[in-house]
Amino acid sequence: MATLVEFKNVSKYFGSVIALKDISFKLESGGCVCCLLGDNGAGKSTLIKILSGVHQPSEGEILFEGKKVEFNSPRDAMDQGIGAVYQDLALIPLMSVTRNFFMGREPTKRFGMMDMEVADKIAQEKMAEIGINVRDPSQAVGTMSGGERQCLAIARAIYFGAKVLILDEPTAALGVKQSGLVLRFVAQARERGIGVILITHNVNHAYPIANDFTLLNRGKSLGFFHKKDVSREKILEMMAGGEELKELEYDIKEMARSDKDKSPKAKSPKAKITKH
Ligand SMILES: Nc1ncnc2c1ncn2[C@@H]1O[C@H](COP(=O)(O)OP(=O)(O)O)[C@@H](O)[C@H]1O
Ligand SMILES: [Mg+2]
């Protein structure tokens, strides 16, 4: 299979801070989700900022559609098909859905005037395509839920021609239902053939949707894995704190068990029946 994005031995230094060291990974073309996993400070945001033109790598090279690229600015990366959705989303809560969707790239009429009617229609249609009904596209973005806002930022990147979609912790601030909304949309983007780099520290969100995984730990790669070669448990174990998480899980189970033993209800036969 062809490769859409490849990092070859990329390092990034900020003065004496080694944010990334010798990172290599591939994002296959044809609709693939590569999850970038790692704890805080692992270098995840630095990596995507390199791909989206915010930073230049100190060492190594990046190939995009087989060719070596150097993005000088986020605009440069965007023009070539790299769509980054940052954690803070870069949406303006008080501005309308339509304004946020186009952000200065609104369709114009004959004399350079903005064509609000067309803009509203496109924004509404594109949101409807992903299952979000915007009754009034002139409503402020601030009235939308967190998941809907995340979806708007993704829909915008896709509409403006992203071949690669980079999502930095899209579900970090969301509840279960809203996270589901975003992850379903990520799956839709993949179906359309868009390559997705999904950054998260939540293995449970990453695992069902990912094709491949890259694990980062304090700027170094712990490896690149195809899903078929690695279990959810193995990933947890490899991530920083994996062992501690296991211990924590064990402790919580033990606590729950001792609580149950103490509870008089748990011993009654009725309580046992209602458990099913
Ligand atoms: N602009 C910068 N200047 C100096 N150090 C930075 C800068 N950006 C990131 N770092 C450092 O690089 C490391 C990785 O950071 P980051 O990529 O934000 O990690 P993550 O997103 O995985 O939490 C951290 O030690 C961080 O302090
Ligand atoms: Mg980060």
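**Exercise 1. Determine which residues L198 touches in this predicted model, leaving aside residues up to four places away in sequence,.**

Solution.
Step 1. Two residues count as touching if their C-beta atoms lie within 7 Å.
Step 2. With residues up to four places away in sequence left out, the partners of L198 are V33, C35, L36, L167, V186, A206 and A210.
Step 3. L198 is also among the residues with the most contacts inside the largest nonpolar core, together with L165, I166 and I197. That core has 66 residues.
Step 4. A general tendency may be recalled here: in soluble globular proteins, nonpolar side chains tend to be buried together.

**Exercise 2. Decide whether strand β9 (residues 212–217) is largely enclosed or not, and describe how β9 pairs with other strands,,.**

Solution.
Step 1. A residue is buried if 20 or more other C-beta atoms lie within 10 Å of its own. In β9, 5 of the 6 residues are buried, and therefore the strand is largely enclosed by the rest of the structure.
Step 2. Strand β3 (residues 33–37) pairs with β9 in the parallel sense, over 4 bridges. Here L37 has L215 of β9 as its bridge partner.
Step 3. With strand β10 (residues 220–226), β9 pairs in the antiparallel sense, over 6 bridges. In this pairing L215 stands opposite G223 of β10.
Step 4. β9 and β10 form a hairpin with 2 residues between them. R218, in the turn, has a positive phi of about 45°.

**Exercise 3. Describe the contact between the two domains, and state which element gives the most to the side of domain 1 that touches domain 2,.**

Solution.
Step 1. Domain 1 covers 1–90 + 162–227, and domain 2 covers 231–262. Their C-alpha centres lie 28 Å apart.
Step 2. Domain 1 contributes 9 residues to the contact and domain 2 contributes 7 residues.
Step 3. On the side of domain 1, the elements giving two or more residues are α7 (203–209) and β9. β9 gives the most, with 3 residues.
Step 4. The residues on this side divide into 6 nonpolar, 2 polar and 1 charged.

**Exercise 4. Classify R75 as buried or exposed, and state how many residues of helix α1 (residues 44–51) are buried,.**

Solution.
Step 1. R75 lies in helix α2 (residues 74–79). A residue is exposed if 12 or fewer other C-beta atoms lie within 10 Å of its own. R75 has 10 such neighbours and therefore counts as exposed.
Step 2. In α1, 7 of the 8 residues are buried, so this helix is largely enclosed by the rest of the structure. The buried residues are K44, T46, L47, I48, K49, I50 and L51.
Step 3. Just after α1, G53 takes a positive phi of about 85°.
Step 4. S52 and R75 are 23 residues apart in sequence, and their C-alpha atoms are 8.5 Å apart in space.

Methods:
Residues are numbered from 1 along each chain as its sequence is written. Chains are lettered from A and ligands numbered from 1 in the order in which they are written. This is a predicted model: local features need pLDDT of at least 70, side-chain atom pairs count only at pLDDT 80 or more; totals for chains, interfaces and linings use all residues. Two strands pair if DSSP finds at least two bridges between them. A nonpolar core is a set of buried Ala, Val, Leu, Ile, Met, Phe, Trp, Tyr and Cys residues joined through C-beta atoms within 7 Å. Domain bounds come from an automatic or database domain assignment. Ala, Val, Leu, Ile, Met, Phe, Trp, Tyr, Cys and Pro count as nonpolar, Asp, Glu, Lys and Arg as charged, and the others, Gly among them, as polar.
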